[in-house]
Amino acid sequence: MTEFNKKKSFNEFFEEVSPRLGVRKISFRKIFNYLDKLPDPITIVETGCLRIKDNFEGDGQSTLLFDVYTQFRGNNSKVYTVDINPQATKNCSQVVSKNVHIETGDSVGYLNKLTKIFVDKKITPSLFYLDSFDLNWRSPEESGQHHLKELVSIKSILNLDTLVVVDDSPISGYLQESEAKKGNLDFIPFGLVPKPTISGKGYLIHQYAMQTGAKLLFSNYQTGWTGFN
Ligand SMILES: C[S@@+](CC[C@H](N)C(=O)[O-])C[C@H]1O[C@@H](n2cnc3c(N)ncnc32)[C@H](O)[C@@H]1O
């Protein structure tokens, strides 16, 4: 049990920590509102664990948030997390409860193994939170490809309601697109400038989602989709 379990409810805990979540505050709220509507047990799988204690502002402390949420949900709700850096998994294990299964290794191999276990044990995942492979904002290809590989690894166990969220994936667009639409830039023909899309870690997952009919549920720095299967 963590110190946070002394709170009366998950909402009380979230209200206390959410001012520190910065750009992730709104989308984490949306994640938990969505999970509230899913049946027990809640099963959350994460790639890239909490690596620095109390770093709410920088990384988000996702593993801790998911740990506290699943403990309040009870009924066998659990968190699974993986990180390639042994120091990160060590630090994480010192912050979260035994309700979190922590593994050290590459997330793509891990998700492949976990997928087989979930199929055998008939475990239905509620949420995948993908936040491994750090992003180079100027050159997002490697990180985007890694997160697409993670999605490929779990594709067979996604159901209509499984929420997939990727961190560091805000909407990006060309300012000229909206200005051109308003007619303020009559030297830019409307339609010439690309439309806004999802950038960052999840940019390739978003392209795949849109090509396969998945649904974009929200995008507030973190982006969430459902309906992959
Ligand atoms: C941004 S941090 C995760 C932050 C965490 N989700 C939080 O909210 O506090 C990204 C983590 O991904 C890990 N990582 C990088 N490449 C990875 C890989 N191939 N497999 C698993 N983890 C990886 C890094 O070691 C790092 O700890």
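This report describes the surroundings of the ligand in a predicted model and then turns to one residue, Ser-143.

**Ligand site**

The space that the ligand takes up is the largest pocket. Around the ligand there are 20 residues, and those that come nearest are Gly-48, Ser-62, Asp-83, Asp-106 and Asp-131. Sorted by class, this shell consists of 9 polar, 6 charged and 5 nonpolar residues.

Polar contacts between nitrogen atoms of the ligand and the protein involve, among others, the residues in the following table, which gives for each the part of the residue that takes part and the distance.

| Residue | Part of the residue | Distance to a ligand nitrogen atom |
|---|---|---|
| Gly-48 | polar backbone atom | 2.9 Å |
| Ser-107 | backbone N or O atom | 2.9 Å |
| Asp-131 | side-chain N or O atom | 2.7 Å |

On its own the ligand has 600 Å² of accessible area, and the protein covers 93% of that area. Two of the residues in the table, Gly-48 and Asp-131, also belong to the group that comes nearest to the ligand, with Gly-48 making its contact through the backbone and Asp-131 through the side chain.

**Ser-143**

Helix α6, which spans residues 141-154, contains Ser-143. With a relative accessible area of 2%, Ser-143 falls under the 20% limit and is therefore classed as buried. Along the chain, Ser-143 and Glu-16 are 127 residues apart, and in the model their C-alpha atoms are separated by 32 Å.

Note on methods:
Residues are numbered from 1 along each chain as its sequence is written. This is a predicted model: local features need pLDDT of at least 70, side-chain atom pairs count only at pLDDT 80 or more; totals for chains, interfaces and linings use all residues. Side-chain values use heavy atoms; hydrogens and water are left out. A residue is near a molecule or strand if one of its heavy atoms lies within 4 Å of it. A polar contact is a pair of N or O atoms within 3.5 Å; within protein, one must be able to donate a hydrogen and the other to accept it, and residues adjacent in sequence count only if both atoms are side-chain atoms. Accessible areas come from the Shrake-Rupley method with a 1.4 Å probe; for residues, only the protein chains shown count as cover. On a 1 Å grid over the protein atoms alone, a cavity is a set of points where a 1.4 Å probe fits but cannot get out, and a pocket is an open set with protein on both sides within 12 Å along at least five of seven lines; lining residues have an atom within 4 Å of a point. A molecule sits in a cavity or pocket if more than half of its atoms lie within 2 Å of its grid points. Ala, Val, Leu, Ile, Met, Phe, Trp, Tyr, Cys and Pro count as nonpolar, Asp, Glu, Lys and Arg as charged, and the others, Gly among them, as polar. Helices (H or I, at least four residues) and strands (E, at least two) are DSSP runs, numbered from the N terminus. Buried means under 20% relative accessible area, exposed over 50%, partly exposed in between (1.4 Å probe, protein chains only).
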